[in-house]
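The following exercises are intended to be worked with the sequence and the structure at hand. Each task is followed by a solution in steps.

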Amino acid sequence: MRAGAIAASVRLAPGAWYDSTVLEVIGRKQRGIELGAEEISRAIAGFNSGVIPDYQMAAFLMAAYFQGLSDDETCALTVALLESGGRWKLPASFMPALDKHSTGGVGDKTTLLLVPMLAAVGMKVPKMAGRGLGHTGGTIDKLESIPGMRTAMTRDEAMAQLERVGCFIISQSEELVPAEKKLYALRDATGTTAQEGLIISSILSKKIACGASHVIIDVKHGSGGFFPHEAQAYDFAERIVQIGGRFKPSFAAAVTAMEHPLGKAVGNALEVAEVIQILDERDASSDVSQLCIGLGGALLVLAGKAASHAYGEDMIAETLLDGSAQAKFREMIAAQGGDLDMFAAELDTIEAKAMQVQVTSPMPGYITGIDALTIAEFCRSEGAGRLSKEDKINRWTGIVLRAAVGDAVAEGGLLAEAYIRHGSDCGAARDDVLKAFSIGDKPERKPLISAVITAETAN
Ligand code: URA
């Protein structure tokens, strides 16, 4: 069927287009035929209003997963997701407004640190984040492990917080990209997360909706990301910057490593605790801090606020060292209703909510690898992530790594502490976590960020 015929069917009674045509759209995508913007727009509008049920949209997603989406289709899907809700236009006095987004990783708590760092530099940071997707963790789930934390805001509330605090972190809502919220949850539950066009439209729609003027995308490669190989991450980074170029914000993308978990903690409350510790200790040397400093520096250059990457990095690092990022983090959490004292009190009694299992090394040597996907799947199986749409997250389960890649360990030396559900099998947990570790000769250190791609450098 041609796009014109689809347009003709618009004149049918309400609902009739969907009854007959959504199946044709699914069929066309199954056969690898490029869809028109009108078809995509109607499919998303129908899904958002509930006329197209989850099972039909799941079939569409699976067809897109296998057949891919062209740049035009990806752009049309971005627009359709955006049009399901409003779009916040920020006042000129808030510009440049900065934002970051990650394609997803394990132990990736970058947002929780970088957002307050950028605000401490004096930037406005309107940030929309997501929940866990596939094996990867989600900022919103992590934030919700803080008692009282609200991640839904009206436009007025968000603008007032931007004015007063300089930053917010919210999730998709009825007001902003509601169809993206539904599609995201459906992708998570149907194994259709790792598809380029779906990832690009999901990220771009969220970034454009919140009104930032300059955005950096952290494109992760390795077992814990959606791109196993670095070359795939490069291609994706170029593609998202190019497609992003059709819209208003300026986009850049950094290609970063996700072979092993970022930082020490994986799991919702455990990751928040790690961020608080980094901020309290003003620790600029951790890999989490270093990644934030690198991404933040690149973002300040993109926004014209730093003359060089090195200068931008210094500006960001200074916020950690002088305590202003810590103060901004606390201000942002409090503004969104979060109670960090109660969080700390709950963390002190974590043993009442999860059992701790120590994982030790069976041999001496150097840690040559900690497989991020194995760690992520273990944490998910213990409730730190979802296996179905209805699953409730367990805030307390996860892992704290006590040895990092490159560290020397003795036989019997502590590798990790796993926090598992009461009633889970401790021996099996120990074996599962151990499978993630490789031990051998001293490995070479690889850089966390291998490239930053901008509209000028993208092919
Ligand atoms: N982050 C998103 O917001 N969407 C994706 O599809 C992947 C990562």
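## Exercise 1: Glu174 and its loop

Glu174 is placed in the loop between S3 and H9. The model examined here, in this exercise and in those below, is a predicted one.

Task. Determine whether Glu174 counts as buried or exposed, and state how far Glu174 lies in space from Pro147.

Solution.
1. The relative accessibility of Glu174 is 69%. Exposed means over 50%, so Glu174 counts as exposed.
2. Along the sequence, Glu174 and Pro147 are 27 residues apart. From C-alpha to C-alpha, the separation of Glu174 and Pro147 in space is 23 Å.
3. The loop between strand S3 (167-171) and helix H9 (178-190) also holds Val177. Val177 is buried, its relative accessible area being 0%.

## Exercise 2: Backbone angles

Task. Examine the phi values of Val177 and Arg282, and the peptide bond between Met95 and Pro96.

Solution.
1. Most residues other than glycine have a negative phi, and most peptide bonds are trans.
2. Val177, which is not a glycine, has a positive phi near 35°.
3. Arg282 likewise is not a glycine, and its phi is positive at about 50°. The loop that contains Arg282 runs between helix H12 (268-281) and helix H13 (287-302). With a relative accessibility of 38%, Arg282 counts as partly exposed.
4. The peptide bond joining Met95 and Pro96 is cis, with omega about -5°. Pro96 is located in the loop between helix H5 (71-83) and S1.
5. A glycine also takes a positive phi: Gly383, just after H17, has a value of about 100°.

## Exercise 3: Surroundings of His101

Task. Locate His101 in the secondary structure, classify His101 as buried or exposed, and identify the side chain with which His101 makes a polar contact.

Solution.
1. Strand S1, residues 98-102, contains His101.
2. The relative accessible area of His101 is 8%. Buried means under 20%, so His101 is buried.
3. Leaving aside residues up to four places away in sequence, the residues touched by His101 include Lys127, Met128 and Ala129. Ile203, Lys206 and Lys207 are also among them, as are Ile216, Ile217 and Asp218.
4. Between the side chains of His101 and Lys207 there is a polar contact of 3.0 Å.

## Exercise 4: Two partly exposed residues

Task. For Glu196 and Thr349, find the side-chain partner in a polar contact.

Solution.
1. Glu196 belongs to helix H10, residues 196-210, and at 23% relative accessibility counts as partly exposed.
2. Not counting residues up to four places away in sequence, Glu196 touches Phe227, Phe236 and Arg239. The side chain of Arg239 makes a polar contact of 3.0 Å with that of Glu196.
3. Val106 lies 90 residues from Glu196 along the chain, and the C-alpha atoms of Glu196 and Val106 are 19 Å apart.
4. Thr349 is found in the loop between helix H16 (340-348) and strand S7 (355-360). The relative accessible area of Thr349 is 41%, which makes Thr349 partly exposed.
5. The side chains of Thr349 and Lys353 are joined by a polar contact of 2.7 Å.

## Exercise 5: The buried residues of H17

Task. List the buried residues of helix H17 and state which elements they pack against.

Solution.
1. Helix H17 covers residues 372-381, and its buried residues are Ala372, Ile375, Ala376, Phe378, Cys379 and Arg380.
2. These buried residues pack against four named strands, S6 (265-266), S8 (365-370), S9 (398-401) and S11 (414-420), and against helix H18 (426-434).

## Exercise 6: The chain as a whole

Task. Judge whether the radius of gyration of the chain agrees or disagrees with that of a compact globule.

Solution.
1. For 459 residues, a compact globule would have a radius of gyration near 23 Å. The chain has 22 Å, so the two values agree.
2. Along the principal axes, the C-alpha atoms fill a box of roughly 70 × 50 × 45 Å.
3. The chain contains 18 helices and 13 strands, and 57% of its 459 residues count as buried.
4. Of the contacts between residues at least 6 apart in sequence, 80% join residues at least 24 apart.
5. The accessible surface is about 17,900 Å², and 51% of this surface belongs to carbon and sulfur atoms.
6. There are 44 positive and 57 negative side chains, and the centres of the two sets are 5 Å apart.

Technical notes. Residues are numbered from 1 along each chain as its sequence is written. Side-chain values use heavy atoms; hydrogens and water are left out. Helices (H or I, at least four residues) and strands (E, at least two) are DSSP runs, numbered from the N terminus. Buried means under 20% relative accessible area, exposed over 50%, partly exposed in between (1.4 Å probe, protein chains only). A polar contact is a pair of N or O atoms within 3.5 Å; within protein, one must be able to donate a hydrogen and the other to accept it, and residues adjacent in sequence count only if both atoms are side-chain atoms. Contact means heavy atoms within 4.5 Å. The radius of gyration is taken over C-alpha atoms; the globule rule is 2.2 Å times the number of residues to the power 0.38. Accessible areas come from the Shrake-Rupley method with a 1.4 Å probe; for residues, only the protein chains shown count as cover. Lys and Arg count as positive and Asp and Glu as negative; His and the chain ends are not counted. The place of a charge is taken as NZ of Lys, CZ of Arg, CG of Asp or CD of Glu.
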